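Biologist: I should like to learn how the features of a model of this kind are to be read. May we work through them in turn?

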Amino acid sequence: MIRFEQVSKQFPSGTFAVKSLDFEIKKGEFFVLIGPSGSGKTTTLKMINRLIELSNGWVLINEKKISDYDINELRWNIGYVLQQIALFPHMTIAENIAVVPELKNWGKEKIVARVDELLKMVGLDPKEYRNRKPNELSGGQQQRVGVLRALAADPEIILMDEPFSALDPFSREKLQDDMLEIQRKLKKTIVFVTHDIQEALRLGDRICLMKEGKIVQVGTPNEFLMNPANDFVREFVGSKKLTIHLNELMTPVSIGSKLFDTKTISLSTPVGEVFEHLALFEQIAVEDNGKQIGIISRQNALKVISQYLREGGQTHE
Ligand code: ADP
Ligand code: MG
């Protein structure tokens with residue numbers, strides 16, 4: 001659906017913001033770009049809707065080079081959500097949401113119906129909210145309206161650049177829930193930038209980790225946790241530093257029950273090593289003094305880890 005081929009961007013200052021990017025985003029995928037500040041995430045995103053021109057390579061959407069699209073047609077068919085949504089302050093919520101449908105000359109009735117449908121989808125009662133001005137909404141609600149505006153004309157692709165990072169944790173979680181629901185219902189292709197690994201693990205079908213303008217690893221959340229490509233990824237994901245104890249991952253087995261015939265580790269195995277085994281085995285047994293005392297399944301371990309990350313658990317050092 002969206003393909004980067006050998007894409008580089010060098011700014012006139014000489015800085016290479018991104019170098020030789022090669023990756024593909026599938027139709028309907030929730031694709032997360034993550035990495036430290038300055039790693040090239042925003043540049044990558046803005047090249048998709050041609051807010052930044054490429055220096056080298058190609059970006060293709062549905063097998064057609066983006067430079068071959070009419071620029072207005074391209075922009076209208078790609079929703080865009082920024083960290084600081086700029087809702088028009090003098091316009092109502094309904095008018096803000098309807099900007100692109102208006103540009104596309106949808107009929108009045110169709111626009112009204114669409115605005116109400118969208119407001120309902122994120123739990124904002126149209127009767128109450130459609131005629132309000134942006135300053136009569138909380139920050140979280142305004143950001144939700146920003147998301148609705150991007151969705152309004154039913155674009156195939158939505159680009160989101162750290163859309164929730166200015167929100168308090170409660171609103172952020174709510175908006176994340178909205179996004180998961182929207183994605184489940186509408187199956188848009190979403191490219192989502194964040195520097196928050198918990199957000200990435202929660203939302204992403206796949207995650208692309210960038211560093212200094214290059215891709216370090218692309219994979220599913222499971223692959224990131226189970227099989228970090230190198231120390232940078234491990235550090236970023238934090239699995240090496242987790243203070244989780246092995247027995248928090250383990251389900252005890254009762255004495256005398258049948259032995260599990262699988263990879264067996266001792267109770268004193270470091271947690272980092274446990275995950276290396278879980279990359280290879282669906283479940284592993286834990287023994288103490290020569291007796292099996294429990295079992296660790298990959299699925300349960302992932303659940304514990306993501307819960308832990310969400311709660312912002314303490315890390316060593
Ligand atoms: P991120 O979004 O991951 O923080 P950016 O894509 O914004 O990273 O920036 C990547 C690199 O490109 C940084 O070194 C940044 O300073 C540089 N950069 C971004 N925009 C410009 C610009 N307009 N002119 C010059 N350098 C830029
Ligand atoms: Mg950025």
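Modeller: Let us start with the chemical character of the lining of the largest pocket in this predicted model. Its residues divide into 14 nonpolar, four polar and two charged.

Biologist: How much space lies in the largest pocket, and which residues are the closest to its centre?

Modeller: The space amounts to about 430 Å³. Of the 20 lining residues, Ile 78, Gly 79, Tyr 80, Val 100 and Arg 149 are the closest to the centre. Two or more lining residues come from each of helix H2 (71–76), strand S6 (78–81), helix H4 (99–103) and helix H7 (139–151). S6 provides the largest share, four residues.

Biologist: What is the general expectation for phi?

Modeller: Most residues other than glycine have a negative phi. Ser 20, in strand S2 (residues 16–25), has a positive value near 45°. Asn 62 is not a glycine either, and its phi is about 50°; this residue is in the loop between strand S4 (56–61) and strand S5 (64–65).

Biologist: Why does Ser 20 count as partly exposed?

Modeller: The class lies between 20% and 50%. Ser 20 is partly exposed because its relative accessibility is 43%. Asn 62, at 40%, therefore counts as partly exposed.

Biologist: In what order do the four strands of the open sheet lie?

Modeller: The order is S11-S14-S13-S12, with mixed pairing. Strand S11 (251–252) and strand S12 (264–266) are the edge strands, each pairing on one side only. S13 (residues 283–288) and S14 (residues 291–297) run antiparallel and are joined by six bridges. Asp 288 stands opposite Lys 291 in S14.

Conventions
Residues are numbered from 1 along each chain as its sequence is written. Chains are lettered from A and ligands numbered from 1 in the order in which they are written. This is a predicted model: local features need pLDDT of at least 70, side-chain atom pairs count only at pLDDT 80 or more; totals for chains, interfaces and linings use all residues. Side-chain values use heavy atoms; hydrogens and water are left out. On a 1 Å grid over the protein atoms alone, a cavity is a set of points where a 1.4 Å probe fits but cannot get out, and a pocket is an open set with protein on both sides within 12 Å along at least five of seven lines; lining residues have an atom within 4 Å of a point. Grid points are joined across faces, edges and corners, and a volume is the space filled by probe spheres set on the points. Ala, Val, Leu, Ile, Met, Phe, Trp, Tyr, Cys and Pro count as nonpolar, Asp, Glu, Lys and Arg as charged, and the others, Gly among them, as polar. Two strands pair if DSSP finds at least two bridges between them. Buried means under 20% relative accessible area, exposed over 50%, partly exposed in between (1.4 Å probe, protein chains only).
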